Amino acid sequence: IADPALRSEMERFYGSRGFRTFDRAYSRHYHTVNAIPDILNFGAPGAPVRYRRAFRAGPTAWLGLLARQGYGIHIYQSEFGDFCSDNPHASCTPYMEFSLEVMRDLPLPASEKARKIAQKFATLSVLASGAAQAYDLFIHVTGLSRRGLPLLDLKRTGGASTLVAMAAFDALTADLRQARRGNAFFAHLLIPHRPFVAGPDCHILPPSAWRIGSIAARGAYHRQLRCVMRKLDAALAALAASPA
């Protein structure tokens, strides 16, 4: 984390809640497809199966160990990573990361919701995809700024996956309030991934203010990291107050 204040805030947050943190830590893998299965196999190579943009994690040593110890495992996952198919579980709760349904009840202007619907259609359009790729090439060759031409960025900003992941996080927190002895919870939620949609208090910004991954969006990413800590704090409090 480049921001010293945020770095210190995160160290205090995780350290005070029983997490062990490691300085200068890194993943051997750029892609989640390899990184998460390896973590769940205690560092040994996992056996993920890729299909299109998603993956199936394969059997994992950690979830298998929990099952042998008698835990009922409750898995929460997106369409991107399938952990349920090859691992024992008492329940599997997937969420559709490309759904816009979660926007329906947000207190946003109709024009902002219409913007996201239009962007969603653009992500499904071969013509829009080709135009976006041609535009990217033009920007790369000329060095011109992207500012002022937001409609040509539709392919890149059409998703609302982070927004859906936040809703899935809230569902997990609600379930944690009812946790009982013998329950184990595993959640792989695509947050604080782009697009960066939330302020530090988890207030949802209008889609016109959403940002994607770049150096210019670093501040937006940091604000969303603070939102993640807020949601994790609520989840831990829910678990602490549960029957377990």
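This passage describes the fold, the strand pairing, the core and two of the helices of a predicted model.

The chain has 244 residues, of which 38% count as buried. Its mean pLDDT is 84, and 84% of the residues reach a score of at least 70. One stretch is assigned low confidence: over residues 146–158 the pLDDT stays under 50. For this stretch the model has 24 contacts beyond four places in sequence. The accessible surface of the chain amounts to about 14,400 Å², and carbon and sulfur atoms account for 58% of that area.

Eight helices and six strands make up the secondary structure of the chain. In sequence order, these elements follow the pattern α-α-β-β-α-β-β-β-α-α-α-α-β-α. Among contacts in the chain with a separation of 6 or more, 62% are between residues 24 or more positions apart.

Strands of a sheet pair through backbone hydrogen bonds, in either a parallel or an antiparallel sense. Strand 3 is joined to strand 6 by six bridges, and the two run parallel. Within this pairing, Gly72 lies opposite Asn183 of strand 6. Strand 3 also runs parallel to strand 5 (residues 91–95), to which five bridges join it. Here His74 has Ser91 of strand 5 as its bridge partner. Strand 3 is mostly covered, with six of its seven residues buried.

Another three strands are arranged as an open sheet in the order 1-2-4, with mixed pairing. Strand 1 (49–51) and strand 4 (81–82) are the edge strands, each pairing on one side only. Two bridges connect strand 2 (residues 54–56) with strand 4 in the parallel sense. Arg56 has Asp82 of strand 4 as its bridge partner.

In soluble globular proteins, nonpolar side chains tend to be buried together. The largest nonpolar core of the model contains 46 residues, and Leu163, Met166, Leu189 and Ile204 have the most contacts inside it. Two or more residues each are given to this core by helix 1, helix 2 (32–40), helix 3 (61–68), strand 3 (72–78), helix 7, strand 6 (183–188) and helix 8. Helix 7 supplies the largest share, eight residues. When residues up to four places away in sequence are not counted, Leu163 touches Val102, Met103, Leu106, Val197, Ile204 and Trp210.

Helix 2 has Val33, Ala35, Pro37, Asp38 and Leu40 as buried residues. The elements covering these buried residues include strand 1, strand 2, helix 3 and strand 6. After helix 2 comes Phe42, which has a positive phi near 55°.

Helix 8 covers residues 218–240 and contains 23 residues. At 1.5 Å a residue, a helix of this length should span 33 Å, and the end C-alpha atoms are 33 Å apart, so the expected span and the model agree. The buried residues of helix 8 include Ala220, Leu225, Cys227, Val228, Met229, Leu232, Ala235 and Ala238. His222, Gln224 and Lys231 are also buried. The buried residues of helix 8 pack against helix 1 (4–16) and helix 7 (161–176). Helix 7, which helix 8 packs against, is also the element that gives the core its largest share.

Definitions and conventions
Residues numbered from 1 in each chain as written. Predicted model: local features only at pLDDT ≥ 70, side-chain atom pairs only at ≥ 80, totals over all residues. Heavy atoms only, no water. pLDDT = per-residue confidence, 0-100. Contact = heavy atoms within 4.5 Å. Helix = DSSP H or I, 4+ residues; strand = E, 2+ residues; numbered from the N terminus. Expected span 1.5 Å × (residues − 1). Buried < 20%, exposed > 50% of the residue type's maximum accessible area, 1.4 Å probe, protein only. Areas by Shrake-Rupley, 256 points an atom, 1.4 Å probe, with all protein chains shown as cover. Core = buried A, V, L, I, M, F, W, Y, C linked by side-chain atoms within 4.5 Å. Pairing = 2+ DSSP bridges.
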